[in-house]
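User: I am new to this structure and would like to know how its labels are justified. Please set each value against its definition.

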Amino acid sequence: MKYVDEYRDAAGVQRLVEAIRKCQTRPWVIMEVCGGQTHAIVRFGLDELLPPGLTLVHGPGCPVCVTPVELIDKAVALARRSEVIFCSFGDMLRVPGSREDLLSVKAAGGDVRMVYSPLDAVALARRHPDRHVVFFAVGFETTAPANALAVLQARRLGLKNFSLLVSHVRVPPAIVALLSSPDNRIQGFLTAGHVCTVMGYTEYEPLAEQFRVPMVVTGFEPLDILQGIYRCVRQLERGEARVENAYARAVRREGNLPAQRLMQEVFEIVDRQWRGLGRIPASGLGLRDTYADYDAERRFELAVSSQPDSGECISGLVLQGRKKPIECPAFGTRCTPEHPLGATMVSSEGACAAYYRYRRVPAVPAT
């Protein structure tokens, strides 16, 4: 398949691994921000091909994983209402809230539906004028344009029975939070190619300069990721700190300007609580006041009493790149995809789910 098979070429992988080996003279720690990249790294064993001293750590690039417990509890409360059809992507259905998840509500009779697009939820609102349809708008900047389009479409159609429960987050402020932590050990970043396809990478340029950290825009196939690692190591060895685009077939510096304008029309930048990271200023997107009628939190005046995450779960440390999933005592025993303690074991982009699926036996001794 074009643009897939050629980026999984075994000989190309070996050439890039050898280039990294020749380039590296010191130990370095590089974080891949995106959960999709994490799954590719673990699935193809890319981290195990790297030379000693070069460490990859996994970041908070799984939007399902960083959705806070409070919003899951609000989703559960909405889904329990008889007048509501609650729509979500499948990953969100098993994410644990304080007491239960959306799948449990569905099993108890709640009208919870898995959809593949926010426009599916708009179509449901048209077909069911007697019900209120809520779509769980979760994601980074990648999914925000489609959700903005759904709101604009609902307004154009005059729908009064459609709204979003918004949990959009932005990548650059999360990177700032990680690099500002006193426990930070990250020396370089692989940034998420799909986010940069929408947003470009101009926001990363001042961060690379401020924190003296190289950032490489990277895709999701083995050669993409290894090329990103090679470029990052090369900058680190040279004492450079700038943004490089290693995903030029999809990403332009300025990004997708029409998609950005769509987002800016409907959403505004807000502070946002991240599961595992806490509250990060200017790290989220919320509906503008002009679209308040489509904000489920305002429409239903949601107020819930949430409990903290399980003290046994270390997903917060995993999302910060401070621990690997196999370092959790509950991994694969008391915490599995069927009975997860945290969101990182549920999502298709979660680091714990990746290790459970592809690497059940630890590659290194747990510490």
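**Cysteines and overall form**

Analyst: With 70° about the S-S bond, the link between Cys 62 and Cys 65 is right-handed. This is a predicted model, in which local features need pLDDT of at least 70 and side-chain atom pairs count only at pLDDT 80 or more, while totals for chains, interfaces and linings use all residues. Residues are numbered from 1 along each chain as its sequence is written, and side-chain values use heavy atoms, with hydrogens and water left out.

User: Why is the link of Cys 62 to Cys 65 called a disulfide?

Analyst: A disulfide is a pair of cysteine sulfur atoms within 2.5 Å, and the S to S distance from Cys 62 to Cys 65 is 2.4 Å, so the pair meets that cut-off.

User: What makes Cys 62 count as buried or exposed?

Analyst: Buried means under 20% relative accessible area, exposed over 50%, and partly exposed in between, with a 1.4 Å probe and protein chains only. Cys 62 has 2% relative accessibility and therefore counts as buried, and Cys 65, with a relative accessible area of 1%, is buried too.

User: Why does Cys 232 form no bond with the closest cysteine sulfur?

Analyst: The closest cysteine sulfur, in Cys 23, is 10 Å from that of Cys 232, which is too far for a bond. Cys 232 is buried, because its relative accessible area is 0%. Cys 335 is likewise in no disulfide, the nearest cysteine sulfur, that of Cys 313, being 6.0 Å away.
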